[in-house]
Amino acid sequence: MSPTVVPATRDRLRIAIQKSGRLAEPARALLSACGLSWRESRDKLFCYGESLPVDLLLVRDDDIPGLIADGVCDFGVVGRNELDEQAGARARNGLPAAYREFRGLGFGACRLMLAVPEDWQWTGPTQLQGLRIATSYPSILANWLQAQGVDARVVELSGSVEIAPKLDTADLICDLVSSGATLAANQLKPVHTLLDSEAVLAGPVREHDDQRADLAAMLLRRMDGVLKMKDSKLLMFRAERERVSELMRLLPDADPPTYLAADVQGPLSLQTMCHGLITWQRLEELERAGAQGLMVLSVERSLA
Ligand code: PRT
Ligand code: ZN
């Protein structure tokens, strides 16, 4: 039988991710793409790292910043909204910073927004003076109100925030929005963004001073490789020498090309890593500008 949660050791990394919810699957997929694999325990709260000494702790997202602060976990994958909220709460309570954001991970995108009843005319933050705002993000909201010099009442709710104006427990709300469908269904409209959020890799403020430092460096490097290549494609084509500079102008999101074969007589064969979306339209444009035999290849990983 596999182990359950084991005491902290100095030679294994421990990463907290959401057990279930929006960030659970993409977090696992990202870590798998970094070459990690695990043997799952029966209760599935702790996954023992097999390919590398990197274990997973499966928890609620709200617990992740605290687990890092307490040194129980070395890293965590959590929404920036949750990390900033808890960091703000610590600061407001006079506690020192205990974690920081290492990387934006490109999934779980959403915004923390002010939303008001649809029939309101939004004129700006000063309009909020003396009003009640329902939110699950009281620290971020309080900091923002303070920065605006607005005195409003923060009504802290742990869920169902968008119903508060209808129940008259608040005048407006401050909540996460992705598609906006939930707001619309509750006759609310978004009017101002307080925070652009996505899943982030969070870790301690102080670097590790044992074997975990090397493991952490390797993990970050692999993660950078995966993230950089996520939307990248290798583009291969042939072109006459005098057409190349015009073709590269059509590829502002590409690395400088590598020449594969430079036949003195015929067209050049080249390849370039393109970091933007390569649509059919772009390919056709390149073809019109003189690219021949265009090929788009997926890139699995890179240490470039
Ligand atoms: O059980 P656990 O505590 O771990 O999970 P949870 O229910 O607290 O979190 P979960 O899985 O809902 O969200 C985890 C993280 O996903 C959040 O902290 C955000 O960083 C990110 N995320 C991305 C979102 C959304 N998009 C999102 N749309 N989190 C919540 N929502 C909610 C929002 O609160 C609102 O109720 O979805 C509704 C709005 O969605 P739209 O599409 O209608 O605008
Ligand atoms: Zn949660």
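1. Is Ala254 buried or exposed? In this model, which is a predicted one, Ala254 has a relative accessibility of 17% and therefore counts as buried, since the cut-off for that word is under 20%. The residue sits in the loop between helix H8 (244–249) and strand S14 (258–261). Leaving out residues up to four places away in sequence, Ala254 touches Met248, Thr272, Met273 and Cys274. The C-alpha atom of Ala254 is also separated by 9.0 Å from that of Leu235, a residue 19 places away along the chain.

2. One of the residues that Ala254 touches, Cys274, is itself buried, with a relative accessibility of 0%. Cys73 is buried as well, at 2% relative accessible area. Why does Cys73 form no bond with the closest cysteine sulfur? That sulfur belongs to Cys47 and is 12 Å from the sulfur of Cys73, which is too far for a bond, because a disulfide needs the two sulfur atoms to be within 2.5 Å. For the structure, the count of disulfides comes to zero.

3. The domain assignment divides the protein chain into domain 1 (13–108 + 199–229), domain 2 (110–197) and domain 3 (233–298), and a reader tracing the chain should note that domain 1 is given as two segments.

4. Turning to the interior, the largest nonpolar core has 29 residues, and Leu105 and Met223 are those with the most contacts inside it. The elements that give two or more residues to this core are strands S1 (13–18), S4 (54–59), S5 (75–79) and S12 (199–204), together with helices H1 (24–33) and H7 (212–229). Helix H7 gives the most, with seven residues. Met223, leaving aside its neighbours within four places in sequence, is in contact with Leu30, Leu31, Cys34, Leu105 and Leu201. A second, separate core has 17 residues, including Leu114, Ile133, Ile140 and Val191. As general background, nonpolar side chains tend to be buried together in soluble globular proteins.

5. How far apart are the C-alpha centres of domain 1 and domain 2? They lie 29 Å apart, and the contact between these domains takes ten residues from domain 1 and 13 residues from domain 2. Together the two domains bury about 930 Å² between them, with 45% of that area on carbon and sulfur atoms. On the side of domain 1, Asn81, Glu85 and Arg92 supply 60% of the area buried against domain 2, more than any other three residues. Across this interface of domain 1 and domain 2, zero salt bridges are found.

Technical notes. Residues are numbered from 1 along each chain as its sequence is written. Chains are lettered from A and ligands numbered from 1 in the order in which they are written. This is a predicted model: local features need pLDDT of at least 70, side-chain atom pairs count only at pLDDT 80 or more; totals for chains, interfaces and linings use all residues. Side-chain values use heavy atoms; hydrogens and water are left out. Buried means under 20% relative accessible area, exposed over 50%, partly exposed in between (1.4 Å probe, protein chains only). Helices (H or I, at least four residues) and strands (E, at least two) are DSSP runs, numbered from the N terminus. Contact means heavy atoms within 4.5 Å. A nonpolar core is a set of buried Ala, Val, Leu, Ile, Met, Phe, Trp, Tyr and Cys residues joined through side-chain atoms within 4.5 Å. Domain bounds come from an automatic or database domain assignment. Buried area is the accessible area (1.4 Å probe) that two parts lose on being put together, summed over both. A salt bridge is a side-chain nitrogen of Lys or Arg within 4 Å of a carboxyl oxygen of Asp or Glu.
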